[in-house]
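Welcome! Please take a look at the structure below, and then we will walk through its ligand site and one residue elsewhere in the notes.

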Amino acid sequence: MNQAAIHKILAGKPGSKPTPRKLTQLFEKRRGANFTLIQDLFFSLYPETRHTASFKSLQKLLADGFKNRPAELKHQDLQRQGDGNWYQSGAWVGMQLYVDRFCGDLKKLAERIPYFEALGINFLHLMPITKRPSGPNDGGYAVNSYTEIDPRYGTDQDFISLTAAFREKGICLMLDFVVNHTSDEFPWALEAKAGNLKYQEYYYTFPDRNMPDLFEQSLPEVFPETSPGNFTYCPQMERWVMTVFNSYQWDLNYTNPAVFLSMLENLLELSNKGVDVIRFDALAFLWKKIGTSSQNLPEAHRLVALFRLCLQVVAPGVIILAEAIVAPEEIVAYFGKGILEGNECEIAYNATFMACLWNSVATKKTRLLRQSLGNLPPKPDPSTWINYVRCHDDIGLGFDDSHISALGWDPQTHRRFLLDYFCQRLEWSPAKGAVFMYNPFTGDGRITGSTASLLGLERALEEEDALKISSAEAKILMLYGIILAAPGIPLIYAGDEIGMLNDYSYMEEADKMMDSRWINRPIHDWDTVSGLSSEKNHASRIYFGLQHLIALRKQQPGLADVCSIHYHDSGNNHLLVFERDGETDNGILILANFDESPQVVRTALLGALGYMREGQFHNLIDGKTKKVRSGLLELPPAELLWLRKY
Ligand code: GLC
């Protein structure tokens, strides 16, 4: 049983509008229930012999955080506790967007709520909206403040009003907490540059190259093309500072308890503004140690759990998403293992699923997908996934080498093939993507591009080839139809719902031209949106197709995350076949053909699983019941079926 479950029991049935006294009592119960774990974690990172005063400060932060939490949010917290693991419901469908690129600012975003409602979106990930440097800022992931809204998006009040509007409409809001680094203009960094020793210890700074060189021996590079190495010389400070991501993103030094406490304060303040899900950005990197890759270290997990357990005491309705784009079993570890099981993050990106989907698009085969997902360690019951086709970042090829080898492929050559397929190095490939951060020394690279461009729509439109256009549309709907049927919260990148193509304008902007991820962050095309109902084109077909799938998903109880998933080997490697909630009458069988040719599956398999009766099957997507006369059911290229159980 994790701590959240214990809190639920302790809360009992607090009534519909508990008094402030009752709310405080419940806070005290949560604090009591988490106390020992919090204390152990804290002193395991910051030894008790020297840090009892810091631990006292932590307790005060919790009390202050609760005092400052608006009553409305305290009530929502309790309601959520009563709703079980509310984030595992099948009703959530998410969208991710940059506010400025989507519609301008926060006020205008509130006016777009009907757009989300029409599509069925009720979970929004807004990319960073707090203050950032005016020059390069990694799309806001270089932060000048964790809580103050950047004036380009509006005021703090606009944000508070927006969160209230979202609450009223039942829209769940996810915001980033860039927990690993600040910008080099953050107040602490400015103090450090001015020679303030206290703040130099908020970062990893060194007078010479001795320590950096030792670190470099085992640290990989995140942005090898634009920001090689992991340290940057700061002339004002006359010291080297650790910058694992861009040179203007300074890594926080969590061996210093003052850093943890200040960041906890920021986290609580952000949560108290009405954020529902906090995306812990780059959390795998939180702890650094010479001689290691400084990723996924046990101390990083303890830190995450410490943040989690403290936040839970103050705001039990707020949950954490792990942004850990790391090896498959390392991702699952962020749900918490051993005594921390279910006590780290409630949600994580299903990066393995995403990468495997693209592998299947290129190879037209599904075995790697089935093998990788089938071999994932099970996640704890109270956790869930974000399933996505692509996000604002690149697509990394993070599969397990042993799984690639097991298919008889050489891992390095295979990755090379995938880069070639998606990044316009193969004549015959329909994909139009770009390479991101190619590292000539390791041969590693990642892929960027919008979903539509990677799936061939851009090329097909250029060639004005109706067949290719409809093939790309089918592939877009197939991939989204798969993640809409998978356990977890499906997340659509804004613009994908109308088939938006690559945006090449970043090449003309000095701050962006070196970062090809901007190719897949297009400015939302509202002209196309206004023509959706009147025009029959690729955009309207994708939009209405997706809208239909979303509505269908919400009607199927078998698609919630509490329901099982089972991958079936259909005997045809081009088909992905998986079943949701198959043990019950709500069972759904999902079939997708990744090949460019029609493929068949034995009807005997469908019958044995309960999805065929008297030669007939019912496809929920088109609402039709069809008869199969032979023993084989044929799926055209990029066909997606959701079969209802008989
Ligand atoms: C995360 C973000 C990415 C950013 C990086 C550094 O991976 O998704 O966009 O560049 O963190 O903050």
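Let us start with Asp393: an N or O atom of its side chain is 2.5 Å from an oxygen atom of the ligand, which fits a polar contact (a pair of N or O atoms within 3.5 Å). The protein covers 95% of the 310 Å² of accessible area that the ligand has on its own, with areas from the Shrake-Rupley method and a 1.4 Å probe.

This is a predicted model, where local features need pLDDT of at least 70, side-chain atom pairs count only at pLDDT 80 or more, and totals for chains, interfaces and linings use all residues. Residues are numbered from 1 along each chain as its sequence is written, and side-chain values use heavy atoms, leaving out hydrogens and water.

**Around the ligand**
- The side chain of Asp138 also has an N or O atom 2.6 Å from a ligand oxygen.
- For His181, a polar side-chain atom lies 2.9 Å from an oxygen atom of the ligand.
- The shell around the ligand holds 3 nonpolar, 3 polar and 6 charged residues, where Asp, Glu, Lys and Arg count as charged.
- Among the residues surrounding the ligand are Tyr141, Phe223, Phe245 and Arg517.

**A look at Asp158**
- You can find Asp158 in helix H8, residues 156-169 (helices are DSSP runs of H or I, at least four residues).
- Asp158 is buried, with a relative accessible area of 15% (buried means under 20%, using a 1.4 Å probe and protein chains only).
- A polar atom of the Asp158 side chain lies 2.9 Å from the backbone nitrogen of Thr155.

Terms used:
Near = heavy atom within 4 Å. Polar contact = N/O pair within 3.5 Å; in protein donor to acceptor, adjacent residues only side chain to side chain. Helix = DSSP H or I, 4+ residues; strand = E, 2+ residues; numbered from the N terminus. Buried < 20%, exposed > 50% of the residue type's maximum accessible area, 1.4 Å probe, protein only.
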